Structures are given as structure tokens and as C-alpha cells.
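Dear colleague,

I am handing over the structure we spoke about, and below it you will find an account of what came out of going through it. Please read the text with the structure open beside you.

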Amino acid sequence: MEMEIPSSYRYMERSYSDGGDSSGAFSDCNSDRSGEFPSYGSPSSSSYSSGGGGLQRLLVACSAEYSDEVVRGLISDLESPSAPVESQRRAAMELRLLAKHNPENRLRMAAAGAVGPLVALLYHSDPQLQEHGVTAILNISLCDENKTLIAAAGAIRPLVHALRTGTPAARENAACALLRLAQLDDLRAAIGRSGAIPPLVTLLETGGPRGKKDAATALFTLLASRDNKIRAVEAGIVRPLLDLMADPESGMVDKAAYVLHAVVEVPEGRAAAVEECGIPVLVEMVETGTARQKEIAVRSLLEICRESAAYRKMVVQEGAIPPLVALSQSATKKAKEKQAEALIELLRQRRTAGNSHH
């Protein structure tokens with residue numbers, strides 16, 4: 001099963017005000033993880049060490065003292081119409097590194113005007129330059145005070161473009177940058193309207209392990225908005241979530257289960273979950289999952305069953321009552337016990353509620 005994430009990563013806890021604690025399932029994005037210094041001989045290493053002293057220069061940049069003058073010089077290199085792509089790449093890389101570990105640098109770079117020119121790189125035809133731009137924006141966004149400024153610089157649509165078109169690292173880092181912005185309540189709807197959800201679902205489905213995690217975390221945050229839940233259902237989110245939940249090797253069981261719970265809070269999500277054969281997956285989780293997985297599966301089944309006699313019947317036929325009874329008897333936390341009991345109660349009165357709609 002997947003590893004527990006340290007409890008210190010608790011920034012998402014507040015998304016669940018109804019007592020379910022998702023904090024252990026999701027961790028916030030760190031500064032960029034794409035390797036700045038590829039091993040020699042790797043296909044991309046030439047773009048980092050060209051010009052002989054490139055790698056040395058970048059190592060120096062990483063540890064160099066910050067100066068507004070240096071940053072303004074790097075911004076000029078980015079904006080110069082006559083600058084060769086190679087010098088733009090170096091400038092973007094140095095900005096990215098300056099923002100990587102130092103919170104003070106992130107504030108000062110934003111104040112020095114770095115965000116606009118970096119956003120412009122997201123439409124650049126050079127994939128490496130686009131990747132550096134995305135990653136520098138992610139690093140700058142790790143300072144909460146910069147998030148509004150990044151959105152105001154028009155970054156949302158360009159980040160969605162990078163999410164659709166970029167290198168694997170650019171796509172992961174674009175998902176992370178959108179996650180950072182989506183933590184602001186007023187930006188969630190704008191990000192959904194900008195078309196971020198379909199490419200996040202694609203990343204969830206087709207990305208590598210890191211990409212899947214980043215996509216799930218960004219989607220979980222965006223799905224606090226009702227409209228975004230519906231967009232996610234329309235983008236086909238339910239099938240990949242169920243596939244991940246049914247595959248312990250994915251390391252994604254908990255994350256996918258929490259995202260599915262957000263999806264089944266709307267009728268469209270409930271219908272899609274049932275249609276995609278989600279009930280057997282959830283009942284299996286109640287039976288064999290970890291304590292946290294059992295809890296979130298019960299909560300999702302409650303959502304699915306609450307308004308539909310037809311769905312209740314399907315859940316009973318799937319054999320849900322015995323594992324629910326076992327869970328209600330063994331549950332250590334009062335809340336878990338109550339949830340399981342509430343679901344048992346609902347399932348047992350299904351015959352008297354034959355006229356319920358779904």
C-alpha cells in the first residue's frame with residue numbers, strides 16, 4: 001500500500017470541514033523537482049551545460065547572493081527580441097534556481113517584475129524554455145503572497161497551455177503551479193473556466209507516478225467548487241479514479257478515493273460512479289482497505305445511496321452490509337462508527353423507500 005505522508009503536511013485539512021481528515025492523503029507541492037543537473041550523457045544535458053561553463057555558472061547561481069540588479073539583467077535577457085534561445089534558457093534557468101529554495105528571493109523577484117516575462121515563456125515553442133518558465137513560476141508561487149500577483153499577470157491560461165503541451169516535467173510543474181493558485185478560493189472557478197480540468201484528468205490517467213500525484217492533488221483542490229466537480233465528470237475523471245483505487249500498486253488509492261468522494265457530492269458524479277461500476281470498488285474498499293480507506297469509502301457510499309433507492313439496492317446486492325456491520329462494531333472513532341451505522345440504516349430501509357428518485 002502507499003506510504004503515509006507525514007502529518008506535518010496538513011495544508012489541505014481545511015477542505016474537509018465535515019470531520020473527514022484528508023490531510024494525510026495529500027501533500028503540498030515542493031519547489032521544482034525536475035533535475036536541473038542531468039547526469040552527463042543524458043539527452044537533455046546539452047541544453048544545461050552548453051557553452052562549456054554553463055553547468056558551473058548554474059551551480060554558482062544556485063548559491064549566489066541575490067541581487068535586484070542580477071534579476072533585472074536576467075529579465076532583460078528573457079525579454080530581448082534579439083537574444084538567442086540559448087541565452088534565454090540560461091536566464092530562465094537562473095531565475096528558476098534563485099526562486100527554488102529561498103522564500104525571500106521569491107518575494108523580491110516578483111517585486112522586481114519577473115512574473116510577466118516568465119508567463120510569456122509558457123507559449124514559447126522551445127520546450128526547454130517553456131519548462132523553465134513553468135518551473136520558475138511554480139517556485140515563485142510557493143510564497144503565498146505571490147499567488148494573487150501571478151494570477152493578475154494572466155498566468156492561468158498559459159499554465160493550462162503548458163499543462164496540455166509541455167514536457168513531462170513542465171506538465172507536472174504546471175499542475176503544481178495551478179494547485180498553488182487554486183488554494184485561493186476566488187481563483188478556483190477561474191482555473192476551471194480556463195480549461196484546466198480536462199488536461200489534469202489526462203495527466204491523472206497517463207502521467208508518470210509524480211504526474212498522477214500532482215494531478216490528483218490539483219483536482220482535489222479545484223473540486224471544492226461545484227462547477228468544477230461537474231467539469232471533472234464531463235472530462236471523464238471517474239474511470240481513472242476507479243482504476244487507481246482498485247490498484248494498490250499505484251500508490252494512489254487514498255488520493256483517488258478522496259477525489260472520488262468530492263465527485264460524488266454532485267448528482268452527475270454519483271451517476272457516473274455507478275455507471276462506471278464504482279459500487280463494487282467502494283464495497284471492496286470497505287471490506288479490505290486501511291482504516292482511512294474504509295472511512296472514505298463509507299462516506300462515498302452514503303452520498304451515492306442517500307437519494308436513490310435503486311443505488312441502495314445495488315449496494316446491498318454487492319454485499320455491503322456484512323463488512324459495514326463489521327466496521328461499525330470495530331470502529332475506534334465515534335465518527336466512523338456513526339457513518340457506517342448511518343449507511344446500514346439507510347440500506348435496511350431501502351424497501352420502504354421504493355419511490356425515491358435518483
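Which helices do the buried residues of α13 pack against? They pack against α10 (168-182), α11 (185-193), α12 (197-206), α14 (226-234), α15 (238-245) and α16. Before I come back to that helix, please keep in mind that this is a predicted model, and that what follows was computed from it.

**The model as a whole**

The protein averages a pLDDT of 85, and 78% of the residues score at least 70. Two stretches call for caution: over residues 1-20 the pLDDT is below 50, although this stretch has 45 contacts in the model beyond near neighbours in sequence, and over residues 353-358 the pLDDT is also below 50, with 13 contacts counted in that way.

The protein has 22 helices and 0 strands. Of its 358 residues, 58% count as buried, and the accessible surface comes to about 15400 Å², with 51% of that area belonging to carbon and sulfur atoms. Among the contacts with a separation of 6 or more, 70% are made by residues that stand 24 or more positions apart.

**Helix α13 and the aromatic pair**

Helix α13 covers residues 209-222, and its 14 residues reach 20 Å from the first C-alpha to the last, which is close to the 20 Å expected at 1.5 Å a residue. Because 11 of these 14 residues are buried, α13 is largely enclosed by the rest of the structure. The buried residues in α13 are G211, K212, D214, A215, A216, T217, A218, L219, F220, T221 and L222. As a general point on helices, there are 3.6 residues a turn in an α-helix, so residues three or four places apart point the same way.

F220 also takes part in the 1 aromatic pair that the structure holds. Its partner is Y258, and the two rings meet edge-to-face, at 6.5 Å centre to centre and with 90° between the planes. The pair links distant parts of the chain, since F220 belongs to α13 whereas Y258 belongs to helix α16 (residues 253-263), 38 residues apart. Both F220 and Y258 are buried.

**Two places where separated residues meet**

The residue A170 lies in helix α10, one of the helices against which the buried residues of α13 pack. With a relative accessible area of 0%, A170 falls under the 20% cut-off and is therefore buried. Its C-alpha stands 6.2 Å from that of V134, although A170 and V134 are 36 residues apart in sequence. Once neighbours within four places in sequence are left aside, A170 is in contact with E131 and V134.

The second place involves V266, in the loop between α16 and α17, and K229, in helix α14. These two residues are 37 residues apart along the chain, and their C-alpha atoms are separated by 7.2 Å. Is V266 buried or exposed? V266 counts as buried, because its relative accessibility is 1% and the cut-off for burial is under 20%. K229 is buried as well, with a relative accessible area of 8%.

Not counting residues up to four places away in sequence, V266 touches R226, K229 and I230, while K229, with its own neighbours within four places left aside, is in contact with L223, A262, E265 and V266.

**The cysteines**

How many disulfides does the structure hold? There are 0. C143 is buried, with a relative accessible area of 7%, and C305 is buried too, at 0%. C277, by contrast, counts as partly exposed, because its relative accessibility is 48%, a value that lies between the 20% and 50% cut-offs. C277 sits in the loop between α17 (267-275) and α18 (278-288), and its phi is near 65°, a positive value in a residue other than glycine.

If you are looking for a place to begin, you could start with F220, which lies in α13 and pairs with Y258 in α16, and then follow the other helices against which the buried residues of α13 pack.

With best wishes

Technical notes
Residues numbered from 1 in each chain as written. Predicted model: local features only at pLDDT ≥ 70, side-chain atom pairs only at ≥ 80, totals over all residues. Heavy atoms only, no water. Phe/Tyr/Trp six-rings, centres within 6.5 Å; stacked < 30°, edge-to-face > 60°. Helix = DSSP H or I, 4+ residues; strand = E, 2+ residues; numbered from the N terminus. Buried < 20%, exposed > 50% of the residue type's maximum accessible area, 1.4 Å probe, protein only. Contact = heavy atoms within 4.5 Å. Areas by Shrake-Rupley, 256 points an atom, 1.4 Å probe, with all protein chains shown as cover. Expected span 1.5 Å × (residues − 1). Disulfide = S-S within 2.5 Å. pLDDT = per-residue confidence, 0-100.
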